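Here are some short exercises to work through with the model open in your viewer. Try each task before you read its solution.

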Amino acid sequence: MTTIAPRIDAVFDLDALIGDEEREWQLRARRFAQERILPVIEDDFEAGHFRREFVRELGELGFLGMHLTGYGCAGAGAVAYGLVCLELEAADSGWRTFVSVQGSLAMSAIHKYGSEEQKRQWLPGMAAGELIGCFALTEPHGGSDPAGMTTVARRDGDGWVIDGAKRWIGLASEADVAVVWAKIDETGAGGGGGVPGGAVRGFLIPTATPGFTATPIDGKLSMRASVQCDVALDRVRVGDEALLPGASGLSGPFSCLNEARYGIVWGAMGAARSCLEAALARATSREVFGKPIGANQLIQAKLADMFVEVEKGILLALHLGRLKERGALTPAQISVGKLNSVREALTIAHEARSILAGDGITNAWPVMRHAANLESVRTYEGTDEIHQLILGRELTGLSAF
Ligand code: TGC
């Protein structure tokens, strides 16, 4: 089995803090990342290509919804799931994002809030990678304030008619089913406007339903090996069986965001580790003024600072994972992790780029790709600013939203 960055692994011995089963999950993900993703990722990123054939393989490896129990899901622990996120994102944020959207958002929503029939209908196929799900919450006016959503569902006979628009929806054009969050039109009038006071509910909409259209967003300079879409909902008619019975109010989608944000805490540290490895490789192989650049104090100081933040970030992720396994992880704690991991990973990517000098801007090294991807990760699932404000509210008791 390939070992990544022996020097990085050896100094801190994080392996001492994880169990054998967790290590097996990690190595399985590392192998997939190295043998399947890394050989093609630069081409896929350049071409803007989502490699759909990997989805089944990820299912066969047990990664999809791996932290859920029953319905074909692996029932693994939170730390095992985090380690898988770390290894996938060490290859590319797009593939960790896929696993997050499928497992932490779409499958979690069905697992937490679905009826027994809905769970049986969707979860086994999604766990196996035979079916893809997406999670449609964010709207074109912005993602930070889901309470302001304007997508509405109104009662129509014995079913529902849904109108609205969503944006930045991962994998929507590839998906078989969409978890769509909409406000219930309490007036009964319909017509598409926002409905003050209407409860937010979730609907499971097969993407082949008439009126559902997903269009990939072009021109992205980030997450190019992944797909994010505009979604139009134009008089989409579904029956009562589409309604998620267990979710009413924003706590429904927010509790799914908790799951995805948790995966990012780990994943971003994978991208950071990859950047540190690239910088280390370059620092020990490139000679300037007659010696490796890594023999210079300025370079060593940068490497040391990068290493400190990677190790601190992974230790924080591990702490949050152990809390999650005890059922004690709070949204504010997740905000600490999401804010820290992505912010530090971006700083590390920028420092690594400077050590790589001119070559650092080419795709001979993964660093610019990670930096570009991390700009998306910084923005989705709550921006830096949203997480600062969540923590500000936690500390002061005062809401600045
Ligand atoms: P607030 O009054 O705080 O809360 C409303 C209700 O929600 C509950 N709640 C939570 N429940 C579980 N987990 C959390 N993290 C929760 N946060 C809030 C809360 O208890 C309350 O419940 P109840 O029963 O009392 O009604 O709501 P607010 O509107 O003041 O919230 C403010 C804020 C900023 C924290 C929230 O709006 C927020 O987190 N905004 C950021 C949303 C975000 O992350 N959006 C990006 C989503 S990414 C995406 O859609 C793309 S998916 C990825 C992909 O497809 O690629």
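## Exercise 1: a salt bridge and its surroundings

In this predicted model, Lys-166 and Glu-139 form a salt bridge, with 2.9 Å between the closest N and O atoms. Task: find where Lys-166 and Glu-139 lie along the chain, and decide whether Lys-166 is buried or exposed.

Solution.
- Step 1: place the partners. Lys-166 belongs to strand E5, while Glu-139 sits in the loop between strand E3 (133-136) and strand E4 (152-156).
- Step 2: look at the spacing. The two are 27 residues apart, and the pair links distant parts of the chain.
- Step 3: check the burial. Both Lys-166 and Glu-139 are buried.

## Exercise 2: two bridges that use helix H8

Task: compare where the partners lie in the bridges Glu-351 to Lys-302 and Lys-312 to Glu-309.

Solution.
- Step 1: take Glu-351 and Lys-302, whose closest N and O atoms are 3.6 Å apart. Glu-351 is in helix H9 and Lys-302 in helix H8 (residues 297-325), 49 residues apart, so this pair links distant parts of the chain.
- Step 2: Glu-351 counts as partly exposed because its relative accessibility is 29%. Lys-302 has 29% as well, so Lys-302 also counts as partly exposed.
- Step 3: turn to Lys-312 and Glu-309, with 3.0 Å from N to O. Both lie in helix H8, 3 residues apart, about one turn of the helix.
- Step 4: Lys-312 has 47% relative accessibility and therefore counts as partly exposed. Glu-309, at 17%, counts as buried, because buried means under 20%.

## Exercise 3: the empty space

Task: describe the largest cavity and the largest pocket by volume, and say what lines them.

Solution.
- Step 1: start with the cavity. The structure holds 1 cavity of 30 Å³ or more, and the largest cavity has a volume of about 40 Å³.
- Step 2: list its lining. Among the residues there are Leu-137, Thr-138, Glu-139 and Gly-143; by class the lining divides into 3 nonpolar, 5 polar and 2 charged.
- Step 3: move to the largest pocket, of about 1200 Å³. It is lined by 43 residues, and Thr-138, Gly-143, Tyr-380, Glu-381 and Gly-382 lie nearest its centre.
- Step 4: find the main contributor. Helix H7 gives the most to the lining of the largest pocket, with 6 residues.
- Step 5: sort by class. The pocket lining has 21 nonpolar, 14 polar and 8 charged residues.

Notes:
Residues are numbered from 1 along each chain as its sequence is written. This is a predicted model: local features need pLDDT of at least 70, side-chain atom pairs count only at pLDDT 80 or more; totals for chains, interfaces and linings use all residues. Side-chain values use heavy atoms; hydrogens and water are left out. On a 1 Å grid over the protein atoms alone, a cavity is a set of points where a 1.4 Å probe fits but cannot get out, and a pocket is an open set with protein on both sides within 12 Å along at least five of seven lines; lining residues have an atom within 4 Å of a point. Grid points are joined across faces, edges and corners, and a volume is the space filled by probe spheres set on the points. Helices (H or I, at least four residues) and strands (E, at least two) are DSSP runs, numbered from the N terminus. Ala, Val, Leu, Ile, Met, Phe, Trp, Tyr, Cys and Pro count as nonpolar, Asp, Glu, Lys and Arg as charged, and the others, Gly among them, as polar. A salt bridge is a side-chain nitrogen of Lys or Arg within 4 Å of a carboxyl oxygen of Asp or Glu. Buried means under 20% relative accessible area, exposed over 50%, partly exposed in between (1.4 Å probe, protein chains only).
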